[in-house]
Amino acid sequence: MPNTVALQQIKSKWEEKPFHGQYLKRTKEKDVEKDQTNNCQWLNTRGLKSETVVFLIAAQDQCIKNNYYQNKIQKDGNSPKCTICGQLQETGDHLVSG
């Protein structure tokens, strides 16, 4: 069995990251199904390429280059608004659910 203290330390470091900790922070919000979100059975899907897994995990952490990312992280001066609707911020959650 893994060392619980070590795992908590890793989790805390991950959560402290301003951008890469977004997934972990998002899972604590009221509108998220915690049991379904933490049930990472999709990681064990047969035939899933490692590139796909990496991309999905990056998407969960809001690390996909979109308008929000370019505005908030790269600070390029462009609008964080969605390219499609032009109203809400173009985050990974918005692109997937909007």
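Which pattern does the protein chain follow when read along the sequence? In this predicted model, the order of elements is α-α-α-α-α-α. The protein chain thus contains six helices and zero strands.

Confidence should be considered before the details. The average pLDDT of the protein chain is 79, and 83% of the residues score at least 70. Among the helices named here, helix 3, covering residues 34-37, marks the lowest confidence in the protein chain with a mean of 67, whereas the highest, 88, is found in helix 5.

The overall exposure of the chain can be described next. The protein chain has 98 residues, of which 20% count as buried. Its accessible surface amounts to about 7,700 Å², and carbon and sulfur atoms contribute 54% of that area. Among contacts with a separation of 6 or more, 27% join residues that stand 24 or more positions apart.

One pair of residues illustrates such a separation along the chain. Q60 belongs to helix 4, which spans residues 50-60. The C-alpha atom of Q60 is 9.1 Å from that of R26, although 34 residues separate the two along the chain. Q60 counts as partly exposed because its relative accessibility is 26%, a value between the limits of 20% and 50%.

The loop between helix 5 (67-72) and helix 6 (92-97) holds K75, and Q74 lies in this loop as well. Q74 has a relative accessibility of 41% and therefore counts as partly exposed. Beyond its neighbours within four places in sequence, Q74 is in contact with K65 and Y69. Is K75 buried or exposed? K75 counts as exposed, because its relative accessibility is 64%, and the cut-off for exposed is over 50%. The backbone of K75 also deserves attention: its phi is positive, at about 50°, although K75 is not a glycine. Most residues other than glycine have a negative phi.

E90 is also placed in the loop between helix 5 and helix 6. Which side chain of opposite charge is nearest to E90? That side chain is K65, 11 Å away; E90 is buried yet has no salt bridge. The absence follows from the cut-off, because a salt bridge requires a side-chain nitrogen of Lys or Arg within 4 Å of a carboxyl oxygen of Asp or Glu. The side chain of E90 does, however, reach the backbone nitrogen of N67 at 2.9 Å. With neighbours within four places in sequence left aside, the residues in contact with E90 are N66, N67, Y68, P80, K81, C82, T83 and L95. N67 therefore appears twice in the description of E90, because contact means heavy atoms within 4.5 Å and the side chain of E90 lies 2.9 Å from the backbone nitrogen of N67.

Definitions and conventions. Residues numbered from 1 in each chain as written. Predicted model: local features only at pLDDT ≥ 70, side-chain atom pairs only at ≥ 80, totals over all residues. Heavy atoms only, no water. Helix = DSSP H or I, 4+ residues; strand = E, 2+ residues; numbered from the N terminus. Buried < 20%, exposed > 50% of the residue type's maximum accessible area, 1.4 Å probe, protein only. Areas by Shrake-Rupley, 256 points an atom, 1.4 Å probe, with all protein chains shown as cover. pLDDT = per-residue confidence, 0-100. Lys, Arg positive; Asp, Glu negative; His and termini not counted. Polar contact = N/O pair within 3.5 Å; in protein donor to acceptor, adjacent residues only side chain to side chain.
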